[in-house]
Amino acid sequence: MSNRPFVLQKRFRHEEEDRKAQKEDDLPKKIFNVEEGQLFGRTPFSWFLIFLFIAVFWTCIALYWAFLYYVFASGLPHEYPRRFIEQPGFSYEPCIIERGEKKIDYHESSEKEIDLYTEKIFKSLTKYGEVPQDRFGECDEANGFGYKNRKPCFFLKVNKVIGFKVDAYNYGADMPNEVPETLKKYVDNMPGDNYANKIWISCKAEPPLLFLFQPGPYIEAKDIELDIGNFYIPKDDSELFMENLNEEERKISKENSQYFNQKDFRRIIAAHPANLTHNTDYSVVCQMWAKNIVQETQSTNALMNRGYIRFHMGVRTYQFSF
């Protein structure tokens, strides 16, 4: 043990209270010290330097990003995009994804499950304005889009593409071996020159299904092609006439000034199976066909494919066991 003597200091309650009161009296002084001219412990000049640093720092950040934007924007053409998509996108509605798989799968007597699909179809079609009543045949709202009579309709859409020109198959004999024979015969049996300049579309399933298309298994090339010089120029009619455009260019520009317009329904066709049976799992593949459309059928990502779409289909009935 240490031989140093212990020193005991006796503290009284009033001394503790005095120290506490002194600290409380120092608080206003710490916030604003009149004698030394300090605010929160800093002089006005010190605060000025802090705010000056912040202003200079963020000004430099803003100027740096403005410079980067200028360099980036100065290299972009104003009439058309710098990069073009190689081919049109292909999608369908109603697209419901469960556990990473696209499905049209429901119980025929379940209104809730049917509404999930029909409401999604209805919302997707209303974006395109008024669609002619006979456009999609049996696949209309009056028939519940076929979901109550075991003919569930799905709507195939092809996107518009700037600068893309369709190199079409005009004869069934020119088509690849992978094209279904039913589509080849359809092409060869079209009257006159109606077969020209189309993107052809086919659907097949495993186990096999017969698919019907409305108005037909094709999209007209003119309905997806966009000329480079006529893409998204105007915002309203007054600005249209200020541009140096002829009447036809004004018409095209006006149609392209909105993301969706009343003619976009022409890029959509309806399809439905004619011989689907209950409680069967079908794997459906729909494909676009043209000489300059790539089919990435070996893609490992089922949600990101080019030239085709894949999904599962099934109509269930409730099965009771006794």
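Begin by selecting Arg316, a residue that is buried, with a relative accessible area of 16%. Here buried means under 20% relative accessible area, exposed means over 50%, and partly exposed lies in between (1.4 Å probe, protein chains only). The model is predicted: local features need pLDDT of at least 70, side-chain atom pairs count only at pLDDT 80 or more, and totals for chains, interfaces and linings use all residues. Residues are numbered from 1 along each chain as its sequence is written, and side-chain values use heavy atoms, with hydrogens and water left out.

**The salt bridges around Arg316**

Add Asp281 to the selection: its side chain and that of Arg316 meet in a salt bridge (2.2 Å, N to O). The term denotes a side-chain nitrogen of Lys or Arg within 4 Å of a carboxyl oxygen of Asp or Glu. This pair links distant parts of the chain, with Arg316 in strand β14 (residues 308–316) and Asp281 in the loop between β12 and β13, 35 residues apart. Helices (H or I, at least four residues) and strands (E, at least two) are DSSP runs, numbered from the N terminus. Asp281 is exposed, with a relative accessible area of 55%. Now select Asp105 as well; salt bridges that share partners join Asp105, Asp281 and Arg316 into one network. By the rule given above, the count comes to 9 salt bridges.

In the loop that holds Asp281, between β12 and β13, select Asn279, which lies in the loop between β12 and β13. Its phi is near 55°, a positive value in a residue other than glycine. Asn279 is partly exposed, at 33% relative accessible area.

**The sheet of 6 strands**

Next, display the open sheet with the order β4-β5-β14-β13-β8-β10, in which 6 strands show mixed pairing. Two strands pair if DSSP finds at least two bridges between them. At the edges stand β4 (96–98) and β10 (218–220), each of which pairs on one side only. From one strand to the next, the twist averages 35°. Axes are lines fitted to C-alpha atoms, for helices over the stretch in contact, and angles run from 0 to 180 degrees between N-to-C directions.

Move to strand β8 (residues 198–206), which is joined to β10 by 3 bridges, the two running antiparallel. Ile199 stands opposite Ile219 in β10. Select Lys198 and Glu220, whose side chains meet in a salt bridge (3.2 Å, N to O). Lys198 lies in strand β8 and Glu220 in strand β10, 22 residues apart. Are these two residues buried, exposed or partly exposed? Lys198 counts as buried at 3% relative accessibility, whereas Glu220 is partly exposed at 23%.

Helix α4 (residues 181–188) lies across β8, β10 and β13 (282–289), running at about 150° to β8. Within helix α4, select Glu181 and Lys184, which lie 3 residues apart, about one turn of the helix. Their side chains meet in a salt bridge (3.6 Å, N to O), and Lys184 counts as buried at 11% relative accessibility.

At the other edge, select Arg99 in the loop between β4 and β5. Phi of Arg99 is near 55°, a positive value in a residue other than glycine. At 89% relative accessibility, Arg99 counts as exposed.

**The sheet of 4 strands**

Now display the open sheet with the order β3-β6-β12-β9, which has 4 strands and antiparallel pairing. Its edge strands are β3 (90–93) and β9 (211–214), each pairing on one side only. Neighbouring strands are turned by 30° against each other on average, direction ignored. Between β3 and strand β6 (residues 154–158) there are 4 bridges in the antiparallel sense, and Ser91 stands opposite Lys157 in β6. Helix α3 (residues 111–126) packs on this sheet, touching β3, β6 and β12 (268–273), and its direction makes about 125° with that of β3. Contact means heavy atoms within 4.5 Å. Helix α3 also lies across β4 and β5 (101–107), running at about 130° to β5.

**Two cis peptide bonds**

Which peptide bond near these strands is cis, with omega near 5°? Select Glu93 and Pro94: the bond from Glu93 to Pro94 has that form, and Pro94 lies in the loop between β3 and β4. Then select Gln214 and Pro215, whose connecting peptide bond is cis with omega near 0°. Pro215 is found in the loop between β9 and β10.
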